[in-house]
Amino acid sequence: MASVDAHLRGSEPHLLNHDPTSLVTGSAFGTMTEAAVVFVALSFMYALKGLGSPVTATRGNAAGSIGMLVAVVFAFYDPHFTSKSLEIALICFAVAAVAGIMIANKAKMIMMPQMVAGFHAMVGLAAVMVAFARYFDPAEEMSAGHLVETMIGIFFGAMTLTGSIVACGKLHGIIRSKALLLPFRHWINASICVVSVVLTVYLCIIGKGTQGGAICIGIEMAVCLYLGWALVMSIGGADMPVVVSMLNSYSGWTTVACGFMLSNTILIIAGSLIGSSGAILSYIMCKGMNRSFTSVILGGFGVEEGHTVEVTGTVTETNVDEVSHDLLNAKSVIIVPGYGMAVARCQQSVAGIAELLRSQGTKVEFAIHPVAGRLPGHMNVLLAEANVPYDIVKEMDDVNPQFPTTDVSIVCGANDIVNPLAVEDLSSPIGGMPVLEVWKATRCVVMKRSMATGYSGIENPLFYKENTRMLFGNAKTRTQEILAELQNLTKDLQPAATSGGNATTPLLAAETKPEPQKVKEYPPTKKIIGVLNETKNSEETRVAIAPNVVSKFREMGYGFVMESGCGDKASFPDRYYATEGCKLVKTPAEVFKAADIICKINTLTEDDIKSLRKGQIVVTYLWPAFNPELLKTLAAKGVTAMSVDAVPRITRAQKLDTLSSMANMGGYKAIIEAFHLLPRFSKPLTTAAGAVPAARVFIIGAGVAGLSAVGTARSLGAVVVANDTRSVVKEQVESMGAEFAEVPVKEEGAGSGGYAKVMSDEFRQAQMQLYAKLSADSDVVVTTAQIPGKPAPLLITKEMVRSMRPGSVIVDLAAQQGGNCELTQKDKTFLDPESGVTIVGESNLARFMPAQASELFAANMGHLFKHMGDAGNLDNAIDNPDEVIEPIRCTYRGQVTWKPAAPPAAPPPKAKPANPTPPVEKPEKKEQSNFSKWLNFFILLLVVGVICIAAGFSNDMQLVTQLMAFVMAVIIGYFLVWSVDPALHTPLMSVTNAISGIIVVGAMTQLSAQGHMAAVCAIIGTFCASFNIFGGFWITKRMLGMFRR
């Protein structure tokens, strides 16, 4: 926004005095102009702030548009703006609006990187034209400071122009993406920078209006055009996301230079915001690719250095039918889109697959790598275009921890961003690059045209991993075939119920199970699973197999024979099983006779052992560490026994872990039962009579059950304190709002498999002292501590119990292994007469929630049998057990095969070693020395000081004020851009492109310039900037309109 004061331009407002049509009126208009600067600046800042969420982004875009309109309107009132200038400006606006909106409206989202690069080029050209118009206007008087600013504007503008053109060509494929590594390129680039400085100094010496000055300007433009070309040509295609962001930053600094040149505050502020945006996005992209920001900016990254990586192995190819069945049987799916999805234009069919799976109750999420595609946030825009809800599109840091518990991960057209070498081989060219860890899912499906490498040019070991399946072919064709197959497979299935738009599978079966309208066809039955009625003559309420998993077993070739009434107490009547095709019999003997496999939720009884026959398989809780004689008996009978309590604590086996499932329910139910028995409120309460404090809960052990108890107690408003010998759980406890009580003696309690180990005597003594204090202060104590293969440790003595307040409650979840409390009586709840404390020793709290407990147990069984393959592969899986099945298999072919886990290491003695050997560590990047840090600090301080001193010696208060505006705008821009939602990085680049069109204000003031050269340059500059404004805001509006929940 140009000021009405003459000194802001360094020349007399001659047009104001000689042109009666001047639009300037009113002596107070200068103040109004400065107020408009504030309004426009705030509008542009809100445009960036609004991008913090898709909900507010549209308002932000509108604010930016309004701010731009106000800036242009006030530019009409510049003293140098004549009626003729107005006519020319309106024509430029009209042509630019038609061209910009038309192109932005027809542009496809996959072309967004090229469009953004093209917009950058327009800004660079506009900046150069404004500088030329100012310099070649004979009526303009330019001081040395203005000449420096002009040369800086040409430097950044010309470099942005050719750099953006090259980037656009590489992105579109008309210029080869491979880096052009010219000899001595760094020296040449450095020489150009030196030449630019020399030309600037020489121009300041000879001044404006000389032939030498025009030659200086021409040479400056030529060498800077070459510099922009050389810098981007020497950068490989893999780094194009960084280049586009970098060019965005350059366009901002170009606008800043024009602002100083024209003494225009709003150009300085807007350019600072844009420059900050581009610089931060460039940094994010470099971090996402493990690149050196400085190297990329200087064109030093073309070919990575590193050893040649050779990957060998067997590639397992898959087909559409197999992938479709895997997806339909999965509980959770993560889809990773890459640039291949954009090239194939298959985002619509990918979105269709996700929507169909979600309708069937599958949890589906999309994982976005920061540099996926050729523009920051490009994949987010493509998915939004396909109507994918943005709340299921996750960033890399959020989704990586979920891969180990994901059933299927699908990689669609991505390569380097899912390459395991980045984490497995730090010496490889991409070593250390953050990647999406898709290989940690149970099954990884990679869709590619071929085995070709990515932009890095190195092989991808992901393709050879055991759990990876390669689906070759055109991604669009393949995704359409998968979608069609899924539609065919699900046409007879009822959509799963959803809540709030989130597709989740309900664990609890519906009260009224609908009869199937059509009998589903299953493969021939190869193995029969027998399920007994374990609720007869006992307090058990659960059943080993729930109706909701029967169909999944049958798809694997298993049939069922069920004892009548086995699911009655779990609210699963016989008719539920009958409709699923199960055979119902009246007696256990009939089950044992017909079944190849016996599946139980409780350990074997004497009658069960007698009824088992040679060759039968039994799957149940055996507690092998406590029942060695039972294993010998089963082995002697020739029974293959599998103990579900022996599932190893490894990532692959998490879905099989029945102990965790039951412990989760046990921790929840322990708190509910405790507060049922506790004669007081759980949460704080304020009444007219006074305040009631919250109940205090002490939880010993922070495993699955303990953490479940912590969460439940906190949700009831109680004050919770927890302790565990494993320090690793401290953060988990505190993240749930509980206090973690630490034992004064430092000793790590994590043993093998993630369980706790036996602690030293010194630690035990300090631990007991802590527990005595905490239990005395607590209303509820829940104990969950267990050690594999050993009796539960005694942690609450009778003296501790009798120090507690009468009415308090102890729930001992370790009662099955003897209990953590000295007074616990297994499967009994009683009131200790001496203390008045109620002690709950129930060993099976899950039985009080039979339906959900049965479904969870049955789901674990389903995962176990699925892990072993279909029924035809069962014998082979047991005969050749892997790391999951081997610990579970206890007896086989007449032998006891179970082996106890290796005992955890004993606590080390507290003695200082004479000559401790330092541990061997991986080589890390050398940390910057303290001297180097201080040196950099003083250099930065010196540079800033020199600039401020120079501004002070200029004797120009306006320059000092604008310098302050520049600094403050950069700082504000830094914080605003960091708060932008990563999903909106592409709209961020388009809206900053539009804002960079503010340079039109500078071009408009030059429309009245004298001389043909200056006038033509001003017209070109006005058109280019206007094109950016209309095209940028319109394409941003289009993109933001696609984002939905």
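How much area does the protein chain expose, and what share of it do carbon and sulfur atoms supply? In this predicted model, the protein chain exposes about 45,400 Å², and 60% of that area comes from carbon and sulfur atoms. Looking inward from that surface, one finds that buried residues account for 54% of the 1045 residues in the chain.

The chain is built with 36 helices and 25 strands, and its contacts reach across the sequence: of those between residues at least 6 apart, 76% join residues that are at least 24 apart.

Before turning to particular elements, it helps to ask how confident the predictor is. The average pLDDT of the protein chain is 81, and 85% of the residues score at least 70. Two stretches call for caution, however. Over residues 300–308 the pLDDT stays under 50, and the model has 25 contacts beyond four places in sequence for this stretch; over residues 496–519 the pLDDT likewise stays under 50, with 36 such contacts in the model. Where pLDDT is low, the predicted coordinates should not be read in detail.

A pair of helices offers a place to look at packing. Two packed helices are described by the angle between their axes and the distance between the axes. Helix 5, which spans residues 112–135, packs against helix 8, residues 211–233, at an angle of about 175 degrees, and their axes lie 12 Å apart. Because angles over 145 degrees count as roughly antiparallel, helix 5 and helix 8 are described as roughly antiparallel to each other. Helix 5 contributes Val128, Phe132 and Tyr135 to the meeting, while helix 8 contributes Gly213, Ala214, Ile217 and Met221. Sorted by class, this contact between helix 5 and helix 8 comprises six nonpolar residues and one polar residue, with no charged residues.

Further along the chain, Met246 sits in helix 9, which covers residues 240–261. Met246 counts as buried because its relative accessibility is 1%, under the 20% limit used for that term. Met246 and Gly275 are separated by 29 residues in sequence, yet their C-alpha atoms are 8.8 Å apart in space.

Helix 15, residues 378–385, shows burial at the level of a whole element: seven of its eight residues are buried, so this helix is largely enclosed by the rest of the structure. Those buried residues are His378, Met379, Asn380, Val381, Leu382, Leu383 and Ala384. After helix 15 comes Asn387, which has a positive phi, near 65 degrees.

Conventions: Residues numbered from 1 in each chain as written. Predicted model: local features only at pLDDT ≥ 70, side-chain atom pairs only at ≥ 80, totals over all residues. Heavy atoms only, no water. Helix = DSSP H or I, 4+ residues; strand = E, 2+ residues; numbered from the N terminus. Buried < 20%, exposed > 50% of the residue type's maximum accessible area, 1.4 Å probe, protein only. Contact = heavy atoms within 4.5 Å. Areas by Shrake-Rupley, 256 points an atom, 1.4 Å probe, with all protein chains shown as cover. pLDDT = per-residue confidence, 0-100. Axes fitted to C-alpha atoms, helices over the stretch in contact; angles between N-to-C directions. Parallel < 35°, antiparallel > 145°, perpendicular 65-115°, else oblique. Nonpolar A, V, L, I, M, F, W, Y, C, P; charged D, E, K, R; others polar.
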